[in-house]
Amino acid sequence: YINIQIYAHFENSTLYRRLLDAEYEDNTNSLPRGWRQNLPNISAPIPEHLIVPSARITSNTLLGHEEVKNTRISLMHFQWGQFIDHDLALIPTNPESKASGGEVDCEHTCYNTESCFPIPLSADDELGMTTNDNERRRNCIPFTRSAGIKFNTEGASPYSNQINEPTVFLDASTIYGSSEFLGILL
């Protein structure tokens, strides 16, 4: 039994619900916090409430680098989890990025653009370490921003929202599609 009124909030191409208010850095409410701290040649001081810790350093601190061996869990657990995740959630990327068919190549830049928000690497990070010929491999981890939409269920919204393309139900939409149009195509 599915309550149709509740289902309408969870069908494909609906907005993600926010648990907390949006916190963007700019007046247009679309640039993420930390945007200016990654830009070169910043002359104006950055307000403290906008400074965020490096995503890379935070990840390494919380997760570490130790190899975990488990004889009871195989790689299939990871793959099944990934399959389930892709059935429940997919946020489209910024339409200007190459990932969405646009012109902006976020894979080969370490500069913030409307589509790209790369994660800087510290000089001692193993991902950026030098190769045999002493050239640094890279200074950042590429990151393509999600598509932001400035509306919500009540109409126009003052801040950017993200949408979920598939339904939020475990319904095998990765196999059968998450809309009537995709279902007919398949």
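A disulfide is taken here as a pair of cysteine sulfur atoms within 2.5 Å. In this predicted model, the structure holds 2 disulfides. One of them joins Cys106 to Cys116, with an S to S distance of 2.0 Å. Because the torsion about the S-S bond of Cys106 and Cys116 is about -85 degrees, this disulfide is left-handed. The pair links distant parts of the chain, 10 residues apart, with both Cys106 and Cys116 placed in the loop between α3 and β2. Cys106 and Cys116 are both buried.

The other bridge is formed by Cys110 and Cys140, whose sulfur atoms are 2.1 Å apart. Here too the link is left-handed, with -85 degrees about the S-S bond of Cys110 and Cys140. Cys110 belongs to the loop between α3 and β2, whereas Cys140 sits in strand β3 (residues 140-141), so that distant parts of the chain, 30 residues apart, are linked. The two ends of this bridge can be told apart by their accessibility. Cys110 has a relative accessible area of 34% and is therefore partly exposed, while Cys140, at 4% relative accessibility, counts as buried. With bonded cysteines counted along the chain, the disulfides follow the pattern 1-3, 2-4.

Next to Cys116 in the numbering comes Ser115, which is likewise found in the loop between α3 (75-88) and β2 (119-120). With a relative accessible area of 1%, Ser115 falls under the 20% limit and is therefore buried. A polar contact of 3.2 Å connects the side chain of Ser115 with the side chain of Asn94. Asn94 also appears in the wider contact list of Ser115, which leaves aside neighbours within four places in sequence. That list holds Glu96, Ser97, Val104 and the disulfide-bonded Cys106 as well, and it is completed by Phe143, Thr144 and Arg145.

Aromatic residues add a further set of pairings. A pair of aromatic rings is described by the distance of the centres and the angle of the planes. A search of the whole structure finds 2 aromatic pairs. Trp35 and Phe117 form a stacked pair, at 5.5 Å centre to centre and with 20 degrees between the planes. Since Trp35 lies in the loop between β1 (14-15) and α2 (55-63) and Phe117 in the loop between α3 and β2, the pair ties together parts that are 82 residues apart in sequence. Both Trp35 and Phe117 are buried.

The rings of Trp80 and Phe83 have centres 5.4 Å apart and planes at 20 degrees, so this pair is stacked as well. Trp80 and Phe83 are 3 residues apart in helix α3 and are therefore separated by about one helical turn. An α-helix has 3.6 residues a turn, so residues three or four places apart point the same way. Trp80 is partly exposed, with a relative accessible area of 49%, and Phe83 counts as partly exposed at 32% relative accessibility.

Finally, both ends of helix α2 deserve a brief look. At the N-terminal end, Ser54 acts as a cap of α2, with a side-chain oxygen 3.2 Å from the backbone nitrogen of Arg56. After α2 comes Gly64, which has a positive phi, near 70 degrees.

Note on methods:
Residues are numbered from 1 along each chain as its sequence is written. This is a predicted model: local features need pLDDT of at least 70, side-chain atom pairs count only at pLDDT 80 or more; totals for chains, interfaces and linings use all residues. Side-chain values use heavy atoms; hydrogens and water are left out. Helices (H or I, at least four residues) and strands (E, at least two) are DSSP runs, numbered from the N terminus. Buried means under 20% relative accessible area, exposed over 50%, partly exposed in between (1.4 Å probe, protein chains only). A polar contact is a pair of N or O atoms within 3.5 Å; within protein, one must be able to donate a hydrogen and the other to accept it, and residues adjacent in sequence count only if both atoms are side-chain atoms. Contact means heavy atoms within 4.5 Å. Rings of Phe, Tyr and Trp (its six-membered ring) pair if their centres lie within 6.5 Å; planes under 30 degrees apart count as stacked, over 60 as edge-to-face and the rest as tilted.
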